[in-house]
Every structure is written in C-alpha cells, then in structure tokens.
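I opened this structure to look at how some of its helices pack and whether any space is closed off inside. My notes are below.

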Amino acid sequence: MTKKNRETQAGWNLENTYLQLPDTLYTCLNPTPVPTPRLVIFNHNLAVSLGLDAHALSGNDGAAIFSGNHLPEGAQPLAQAYAGHQFGHFTILGDGRAHLLGEQITPSGDRFDIQLKGSGQTPYSRRGDGRAALGPMLREYIISEAMWGLGIPTTRSLAVVTTGESVIRETILAGAILTRVAASHLRVGTFEYVARRRTSEELRILADYTIQRHYPSAASSDNPYLKLLQEVIKRQADLIARWQQAGFIHGVMNTDNMALSGETIDYGPCAFMDTYNPNTVFSSIDHQGRYAYGNQPYMAAWNLSRFAETLLPLLHPEISQAVRLAQDAVSEFSPLYERHWLNGMLAKLGIFNCEEEDKSLINELLKMMQENEADYTNTFVALTFEKNLDTALNGKTEFQQWLEKWQARRERQTQSKNESQQLMQAKNPAIIPRNHQVEAALEAAVEKDDYSVTHRFLAALENPYAHCPEQAEYAVPPAPSGIPYRTFCGT
Ligand code: AMP
Ligand code: MG
C-alpha cells in the first residue's frame, strides 16, 4: 500500500448527501493546499468513535488530511451557502473559510459532518483570506471539548494542524486549520438563505432533508414542518438552559451560528463566567451587550422567530393560519426553557422535584452571588461539599438564613441527604475552562510550541464532575484584575 493510500483509507466512510440539495446551497471546491502542514493536536478518542484509524492519522498522514492537502477517500468538498442575522441585521453569508469534506458514517451508523475550518478561500469569503490563526483554532478545540465533557450538546474538534503559512490579523500569526465534527452544519441561516430566494420548492427540499437528518419521526406527523419547528425549539430550550447552568456565554448568537441539530456551534468569542453576573459580556464587538449571559434565552427565542418565519410557506397554505401556527410554536420556547432551567438549577442544589417556592430559593442565591461577586462554579461546588468557607458568601447573615432554608427544603424530600449530595456532584462541575487557564494553555502552545499545558488541561476537562485532586489547580478563579476579560471574534 502506498503512503497516500494509507491515510486516505484510514477508516474513512464518507457520504455526501448535502450534494442532493439544490446546487444554489453550496459550491463544490477543494481546500487550498498549504506548504508545511503539521498535526499539533489530535483527538484520539473521537477518531476511534468515528471509526477512523487513529494510529494511521496521528502523524504526517493526518497532517496531510486535516490540512486539506490530501483528500480522504470519498470526500467531495464543498463550501455551504447560508445567510444570517448578525447582531440583528440580515446578511448573505456562507462558509468563507471552511470546506465540508463529507459525512462520516460511524461504526454505530451515526452520521457526522467532517469540516475543515481555515482551509482556504471560497466564493463566500467576501474580503476574508479564508484562513485561521492557531490560537483561535486551539481555543475552539479546548472549549468545544470542555462542553462535551460537561454534557452540553456541541460540535467537536478532531484535529488542529499548523499550515506553515502566516496569517495577517492585527499582528502576524501562525496559520492553522481545525477539523470540526458536527451532527450537521444546517443552521437557522441556511433556511434564511433559501427563504430569501422565495422558492417554496427549494425550501421544502431543505426542510425534508433537515427532518430526515435530525428529526426523522417528524416525517410521519400531520404537519411535518410544524413538527420540525417545534422540535428545533425544544432542543434549543434544552441547550440554552444547559449553557446558563454552566455559565457559558456564546458571545455571537447570530442566526448563522444557531445549529438546527441543537448542538452548540461556532466557538469564536465565547467564554465562561467566573463571578456571577447576568450582564457579563466578554466579546469585544458586543458593545450593546446583546449577547450578554442573561440575554441568551431571549436571543435564542429571537433567532427561533427568524427560523419560524422562513417556514411560513410550508406551515399552512393560508398565511394567517401559518403565522398563527408559527407564533404558537415560538411562544412555547419560554415555558420550555423555564422548565429546563428550573429543573437543572434545582438539581444543582440537590433537589429532585419542584415545589412552589423553589424558583425564589434559586433566585435568592443568585442575587446574593451577584451582590457579593461570588464565583458561580465554586459556589455550587462549596454547597455540594458543604465547604461554605470557600465562598464569598461565607459569614453573611443573609447566606446563613438561605442555607437553613435550603437544608430544610432538602430534608422535606423523600431522597436521602446522600442521594441529594450525589445529584449535586453529578450536576456541579469541579472545573470549567476558565479564561485565564485557556489563555495559559494557548500561550504555551502558540508562543513556545509547548502543547503539554493544553493536554493536561484537556485531560482535567474530560470529566468535570470527577471532583478529583488533579482538577484542584483549575478550580482557582483568576486573580482580581481591574481590566475586564475580552474575547475577539476568533479569526
Ligand atoms: P463567524 O463570526 O465565525 O460566525 O463568521 C462569520 C462569517 O465570516 C462566516 O461566514 C465565516 O465563514 C466568515 N469568515 C470569518 N473569518 C473569515 C476569513 N478569515 N476568511 C473568509 N471568511 C471568513
Ligand atoms: Mg459562524
């Protein structure tokens, strides 16, 4: 077997069903080759679960594939077209620096998009160079894998290669390509793109494809397109509640960055909150705080309204009826989200069922956390292990009273204290990818070519609910600083 065969065969089992869609939705083209690809990080476990030969792909052969220099067997690369509301404004977009290689069919029969990001210009690049820098691609790798560890639906990261080319941003940076694995790259923006073209036939084909790929049981419903809308809303309600429970701030919840699969997608300026404050914004471009932590549920509902609008021609032949169906479906988001949020927050407090007063019990705690600038993650860990000395709330009379109320509430349930504590341990992570730790990992990798910090960090993030001694160093909040943490759009 020649060298080329080895890496192209390596367990690839690609299909290209996206090519069945109207060709206005994509452009077929190959990645632009890079001079000296080097594989700097590779997700061995993910490769195995995809049915790939991790050994064959973990060196130079992997570098050739994950840079786009060699195509895996069965790949038919394309860049997807889509639109999106960016900070509220409609724009025509598309993969400006990404190539979908195909859909890998795993040994268990699941289908995952394999996409290169930073792999060269496409017709949708606008003024962009089609490339990506090493720091942001590693950042996506670390945070998406941390989300996976936390049990939050997410796209995943299979590999990062450096390209040997520089990219010019504010400074000159090392170029890199990320391999992203996703249930699909269908976005709210994909539907907005087709809806703009006003061809119901294309819309129906796209909706049928989405149903087949993500919501197959909707096909047998009385109104499959309404069911699609309702199911997308359900998944988003669950997803956003999980973000809120973990203190995750996406940072750029534009409609092109909302996946119809219900996975978190597009890790640009995202970051986790340290001290609890609903107004937290990290993104340097989010001047109005549109995508602040506390706004995320509202922004999700806004995006889902845009999705619902695209589906109107399919919902009902009479527009007034279609609008009513869409409005009813979207209005379900808020109660669904509330329910997920409440149940999730109660589990973080070791409470199994929901009583009338429970919402205020949670809100009282959050209010105290905000007023005292308590660390969000560590407060819940302190409650889990009854180490109240470890929280900024320690010694406050108000907090003492709250603790008594909470303990009385736990005692009222049929489950034992031990069961309650186990629930808390399973729902309150010991660690999250804190900004200062992410920066430290990136600095070692980018400045010193030292990936050991990243590897150790990723190992600790793999099971954030382990509460093991190796995680202790990552649980330390950043030293107080007068300068707020800022993230940039991940380019
Ligand atoms: P994002 O904010 O990451 O969702 O990106 C918004 C759009 O800009 C997407 O369509 C990207 O493909 C495109 N884009 C971002 N960076 C580049 C780049 N360097 N070259 C070309 N297109 C880009
Ligand atoms: Mg995007």
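These entries cover three helix pairs and one cavity.

**Entry 1: the model.** I am working from a predicted model.

**Entry 2: H8 and H9.** I looked up H8 with helix H9, residues 296–315. Their axes lie 10 Å apart, and the packing angle is about 170 degrees. Angles over 145 degrees count as roughly antiparallel, so H8 is roughly antiparallel to H9. I then listed the contact residues. On H8 they are Tyr225, Leu226, Leu228, Leu229, Val232, Ile233, Gln236, Ile240, Trp243 and Gln244. H9 answers with Gln296, Pro297, Ala300, Leu304, Phe307, Ala308, Leu311, Leu314 and Leu315. I sorted this contact by class and got 16 nonpolar residues, 3 polar and no charged.

**Entry 3: the cavity.** How many cavities of 30 Å³ or more are there? I found 1. Its volume is about 60 Å³. I counted 14 lining residues. Gln236, Trp243, Met253, Asn257 and Met258 are the ones nearest the centre. Which helix gives the most to the lining? It is H8, residues 224–246, with 4 residues. I noted that Gln236 and Trp243 also appear in the H8 contact with H9. By class, the lining has 7 nonpolar residues, 6 polar and 1 charged.

**Entry 4: H5 and H16.** I moved on to H5, residues 134–150, and H16, residues 435–448. The angle between them is about 135 degrees, and the axes are 10 Å apart. H5 and H16 are therefore oblique to each other. The crossing of H5 past H16 is right-handed. From H5, the contact takes Leu134, Gly135, Leu138, Arg139 and Ile142. From H16 it takes Val438, Glu439, Ala441, Leu442, Ala445 and Val446. My class tally for H5 with H16 reads 8 nonpolar, 1 polar and 2 charged.

**Entry 5: H16 and H17.** H16 has a second partner in my notes, helix H17, residues 452–462. The two axes come within 7 Å and cross at roughly 145 degrees. On the H16 side I wrote down Gln437, Val438, Ala440, Ala441, Ala444 and Ala445. On the H17 side I have Val453, Thr454 and Phe457. This contact divides into 7 nonpolar residues, 2 polar and no charged. I marked Val438, Ala441 and Ala445 of H16, which touch H17 and also belong to the contact with H5.

Terms used
Residues are numbered from 1 along each chain as its sequence is written. Chains are lettered from A and ligands numbered from 1 in the order in which they are written. This is a predicted model: local features need pLDDT of at least 70, side-chain atom pairs count only at pLDDT 80 or more; totals for chains, interfaces and linings use all residues. Side-chain values use heavy atoms; hydrogens and water are left out. Axes are lines fitted to C-alpha atoms, for helices over the stretch in contact, and angles run from 0 to 180 degrees between N-to-C directions. Helices (H or I, at least four residues) and strands (E, at least two) are DSSP runs, numbered from the N terminus. Angles under 35 degrees count as roughly parallel, over 145 as roughly antiparallel, 65 to 115 as roughly perpendicular and the rest as oblique. A crossing is left-handed if the near helix is turned anticlockwise from the far one by less than a right angle, and right-handed if clockwise. Contact means heavy atoms within 4.5 Å. Ala, Val, Leu, Ile, Met, Phe, Trp, Tyr, Cys and Pro count as nonpolar, Asp, Glu, Lys and Arg as charged, and the others, Gly among them, as polar. On a 1 Å grid over the protein atoms alone, a cavity is a set of points where a 1.4 Å probe fits but cannot get out, and a pocket is an open set with protein on both sides within 12 Å along at least five of seven lines; lining residues have an atom within 4 Å of a point. Grid points are joined across faces, edges and corners, and a volume is the space filled by probe spheres set on the points.
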